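Please examine the chain and its ligand shown here. The paragraphs that follow lead through the model, beginning inside the sheet and moving outward.

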Amino acid sequence: MHPATGTLHDGDGEDPSSSGTDWPRRTAVVGPGYMGTGFVQLLALAGLPVAIGDVSQEAAEAARSRAIEGAGAFALAGMMPSDAADRVARHTVAAASIGDASTGADVIFEAVPESPALKASVLASIEAAAPTGALIATNTSAIPIAELSAPLTHPDRFLGAHWFNPSQWVPCVELIAGPSTDPAHLETMAALLERLGKRPSVVGDGPGFVANRIQFAMFKEAATIVEEGVATAEVIDEVVRASFGFRLPFFGPFTIADMAGLDVYAGAYGSLEAGLGSRMAVPEAVATRVAEGRLGMKTGGGFLELDGADAAAMASWRDEAYVAMERLLGDLGPWDAKSTSAASPPPSDAEPAPGAALIPDQTDRPR
Ligand SMILES: NC(=O)c1ccc[n+]([C@@H]2O[C@H](COP(=O)([O-])OP(=O)(O)OC[C@H]3O[C@@H](n4cnc5c(N)ncnc54)[C@H](O)[C@@H]3O)[C@@H](O)[C@H]2O)c1
């Protein structure tokens with residue numbers, strides 16, 4: 001039986017990846033909902049003490065119980081270590097308030113709902129209680145970091161750390177500096193996230209940062225194709241999954257473009273522009289490279305520096321990777337809405353069903 005609120009001790013260094021560092025000694029998660037629960041679990045599994053702050057002590061206690069139970073279910077499914085529930089229980093405490101959670105924390109992750117006014121008020125409470133040296137990271141999906149940092153007293157230690165859903169499993173975390181953020185803090189945060197098994201990337205403070213800007217551009221085009229009657233939503237999902245989506249776990253858009261040839265891309269944009277208008281005109285960055293003869297791998301590089309020798313090795317690795325991917329998809333089998341309890345998306349403030357993260361993304365909100 002785990003104590004209702006938990007007791008926090010400084011980091012016990014049980015995680016071998018902690019590599020001798022004693023920072024952070026304590027952490028806090030304020031807003032332990034859909035996203036924050038994953039932060040709690042990963043921090044605790046790394047042996048780091050986590051204080052959980054929510055609207056009340058009762059809400060924080062309920063969130064702590066969900067994190068412990070969720071970790072237990074993930075452990076049963078073989079997705080977390082077998083003692084995950086115990087470890088989450090041992091390293092977490094339900095705080096009485098946001099201030100209590102933040103007091104004494106070296107790093108605080110904020111994940112309250114996406115309202116500028118709510119985030120501003122919660123961040124002010126965090127800042128008032130946190131030690132001056134503490135890092136404060138917001139998980140905002142779209143509010144500019146500059147806007148959230150403007151009212152802060154110490155904006156130098158504030159940054160965006162934008163995780164993806166489900167936060168336990170998706171590797172990327174976008175790190176975003178505000179206008180006053182100390183660049184050293186981005187490195188410190190990146191190192192912490194790597195300890196949690198994440199693959200952080202530093203990006204600029206623009207609308208939608210990087211991932212959401214690309215994802216939403218793609219989704220807008222997909223929705224337009226449905227509106228035009230060119231294909232149904234079901235057909236588009238299948239086409240994307242089985243075509244360029246099939247390649248994306250291995251190669252990003254620039255590697256794929258350099259492999260295909262920028263001249264090929266320029267030609268395709270010509271046809272797209274003729275049919276769909278100037279929004280589909282060849283991007284300037286492509287046209288310039290084509291004019292300079294930088295066509296991609298076949299000419300020693302386009303956007304990336306990739307020569308013919310790279311091309312041969314990459315093609316052979318790519319072929320192996322694609323065969324392995326097709327095998328993995330076959331082993332997992334198709335997602336069948338009728339055979340799983342995760343068929344209905346959870347309400348927006350609920351923990352995903354245990355094991356739901358294994359199931360392609362009907363329960364995932366695209367942020
Ligand atoms: N859900 C996603 O797919 C996703 C993905 C990436 C980023 N985000 C971002 O993460 C943030 C949280 O989203 P979510 O989906 O986890 O939200 P959620 O509604 O599931 O969880 C929010 C949590 O904040 C708590 N909370 C609400 N008001 C509070 C207050 N005043 N003080 C303290 N805690 C309070 C709630 O009780 C809950 O625990 C948002 O900024 C969202 O845009 C969400």
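In this predicted model, the residues of β5 alternate in direction: Leu-135 and Ala-137 point one way, Ile-136 and Thr-138 point the other way, and all are buried. This fits a general pattern, since side chains in a regular strand alternate between the two faces of the sheet. Strand β5 runs parallel to β4, and four bridges join the two. Within this pairing, Leu-135 of β5 is the residue opposite Val-107.

Strand β4 (residues 107-110) is in turn joined to β1 (residues 27-30) by four bridges, again with the strands running parallel. Here Phe-109 in β4 stands opposite Val-29. The residues of β1 also divide by direction, with Thr-27 and Val-29 pointing one way, Ala-28 and Val-30 the other way, and all of them buried. A further parallel pairing, over four bridges, links β1 to β2 (residues 50-53). In that pairing Val-30 has Gly-53 of β2 as its bridge partner.

These strands belong to an open sheet of eight strands with mixed pairing, in the order β3-β2-β1-β4-β5-β6-β7-β8. The edges are formed by β3 (92-94) and β8 (199-203); each has a single partner strand, so one side of each is left without a neighbour in the sheet. On average, and with direction ignored, neighbouring strands of the sheet are turned by 25° against each other. Helix α7 (residues 183-195) lies across β4, β5 (135-138), β6 (158-162), β7 (172-177) and β8, and runs at about 165° to β7.

Another helix to consider is α1 (residues 36-45). Ten of its ten residues are buried, so the helix is largely enclosed by the rest of the structure. Among these buried residues are Phe-39, Val-40, Leu-42, Leu-43 and Leu-45, together with Gly-36, Thr-37 and Gln-41. They pack against the strands β1, β2, β3 and β4 and against the helices α2 and α3 (84-90). After α1 comes Gly-47, which has a positive phi, near 85°.

How is the nonpolar interior organised? In soluble globular proteins, nonpolar side chains tend to be buried together. The largest nonpolar core of this model has 63 residues, of which Ile-52 and Ile-108 touch the most other members. Leaving aside residues up to four places away in sequence, Ile-108 touches Ala-28, Val-30, Ser-102, Ile-126, Ala-130, Ala-134 and Ile-136. Two of these residues, Ala-28 and Val-30, have already appeared in β1, where they point the same way, while Ile-136 has appeared in β5.

The ligand has 29 residues around it, and Gly-31, Gly-33, Tyr-34, Met-35 and Asn-165 come nearest. By character, the shell consists of 15 nonpolar, nine polar and five charged residues. Helices α2 (57-76) and α5 (116-129) each supply at least two residues of this shell.

Asn-165, one of the residues that come nearest to the ligand, also takes part in a cis peptide bond. This bond joins Asn-165 to Pro-166, with omega about 0°, and Pro-166 is placed in the loop between β6 and β7. A cis peptide bond also joins Trp-23 and Pro-24, where omega is about -5°. Pro-24 lies in the segment before β1.

Two loop residues offer a contrast in burial. Phe-209, in the loop between β8 and α8 (211-228), has a phi near 50°, a positive value in a residue other than glycine. Its 22 C-beta neighbours inside 10 Å make Phe-209 count as buried, because the threshold for that class is 20 or more. Ala-142, found in the loop between β5 and α6 (145-149), has 14 such neighbours and therefore counts as partly exposed. Apart from residues up to four places away in sequence, Ala-142 touches Glu-114, Pro-207, Gly-208 and Asn-212. Of these, Asn-212 is 70 residues from Ala-142 in sequence, yet the two C-alpha atoms are 8.3 Å apart in space.

Contacts between residues distant in sequence also figure in the chain as a whole. Among contacts with a separation of 6 or more, 63% are between residues 24 or more positions apart. The protein chain comprises 14 helices and eight strands, and 32% of its 367 residues count as buried.

Definitions and conventions:
Residues numbered from 1 in each chain as written. Predicted model: local features only at pLDDT ≥ 70, side-chain atom pairs only at ≥ 80, totals over all residues. Near = placed C-beta within 6 Å. Nonpolar A, V, L, I, M, F, W, Y, C, P; charged D, E, K, R; others polar. Core = buried A, V, L, I, M, F, W, Y, C linked by C-beta atoms within 7 Å. Buried ≥ 20, exposed ≤ 12 C-beta atoms within 10 Å, placed from the backbone. Contact = placed C-beta atoms within 7 Å. Pairing = 2+ DSSP bridges. Axes fitted to C-alpha atoms, helices over the stretch in contact; angles between N-to-C directions.
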